[in-house]
Amino acid sequence: MQALEEKLQADFGIIFKDKTLLETAFTHTSYANEHRLLNISHNERLEFLGDAVLQLLISRYLFEKYPKKPEGDLSKMRSMIVREESLAGFSRDCGFEAFVKLGKGEEKSGGRDRETILGDLFEAFLGALLLDAGVEAVESFLNQVMIPKVEVGDFERVKDYKTALQEALQVKGSVTISYRVISETGPAHDKLFKVSLSVDGQDLSQGQGKSKKLAEQDAAKTALLQLGRG
């Protein structure tokens, strides 16, 4: 954890008073499960807290930044900023993936680069920072990491991959696009859905996400990339 602490101080001016909070934020359930005898805490509860403070601060920022935008547009922008893919990107921007503690199986299966793990990690870090230093510290961190990307318009246009795929495929005529849930894993509060996308009965791609809608969007995005339209 020392290397992480040094990085947080150097990059963001953050010094944790409670080192246990920081360590818990970077401990995935797979690591805690493999070390049950040590009674190690994992980051799911902190993730819950981080999600709440993130929603609040981003909502307030958007409300003040765009006084003329209607509620629907603000909601779409917020959903783009706080969605799993975006949060995973912010984790990578911060270099957090190098410090998360994973179980051996999760590590071998590429968990260190998995969107769900990195997105949850970012929220868990925010939850730990909230408890350690208060909401002002979280806001200051977001102003360094997230807000600059919002300011340059990275999230003003909501990308609907399902619609984009349908438009791309129907250029030459009508096609039937269908999505099918092929697996549903995880506890009730943290489900991971995997879906298969088929076109005219032929499997084209797969996707995953914390809801069926997100998984379908992910599958459509993968399909577009395969078709050279992403």
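In this predicted model, helix 8 meets helix 9 through Phe 122, Phe 125, Leu 126, Leu 129, Leu 130 and Ala 133, which face Val 135, Ala 137, Val 138, Phe 141, Leu 142 and Val 145 on the helix 9 side. The residues of this contact comprise 12 nonpolar ones, with no polar and no charged members. Helix 8 spans residues 115–133 and helix 9 spans residues 135–145; their axes lie 7 Å apart and form an angle of about 140 degrees. The two helices are therefore oblique to each other.

Further along the chain comes a sheet. Three strands make up this open, antiparallel sheet, arranged in the order 1-2-3. Strand 1 (177–185) and strand 3 (202–209) are the edge strands, each pairing on one side only. From one strand to the next, the twist averages 25 degrees. Seven antiparallel bridges join strand 2 (residues 192–199) to strand 3, and Val 195 stands opposite Gly 207 of strand 3.

Two helices pack on this sheet. Helix 11 (residues 161–169) touches strand 1 and strand 2, and its direction makes about 145 degrees with that of strand 1. Helix 12 (residues 212–226) touches strand 1, strand 2 and strand 3, with a direction at about 130 degrees to that of strand 3.

Back toward the start of the chain, Glu 5 sits in helix 1 (residues 2–12). Glu 5 is partly exposed, its relative accessible area being 25%. Leaving aside residues up to four places away in sequence, Glu 5 touches Ile 14, Lys 19 and Leu 22. The C-alpha atoms of Glu 5 and Ile 15 are separated by 6.9 Å, with the two residues 10 apart along the chain.

Conventions
Residues are numbered from 1 along each chain as its sequence is written. This is a predicted model: local features need pLDDT of at least 70, side-chain atom pairs count only at pLDDT 80 or more; totals for chains, interfaces and linings use all residues. Side-chain values use heavy atoms; hydrogens and water are left out. Axes are lines fitted to C-alpha atoms, for helices over the stretch in contact, and angles run from 0 to 180 degrees between N-to-C directions. Helices (H or I, at least four residues) and strands (E, at least two) are DSSP runs, numbered from the N terminus. Angles under 35 degrees count as roughly parallel, over 145 as roughly antiparallel, 65 to 115 as roughly perpendicular and the rest as oblique. Contact means heavy atoms within 4.5 Å. Ala, Val, Leu, Ile, Met, Phe, Trp, Tyr, Cys and Pro count as nonpolar, Asp, Glu, Lys and Arg as charged, and the others, Gly among them, as polar. Buried means under 20% relative accessible area, exposed over 50%, partly exposed in between (1.4 Å probe, protein chains only). Two strands pair if DSSP finds at least two bridges between them.
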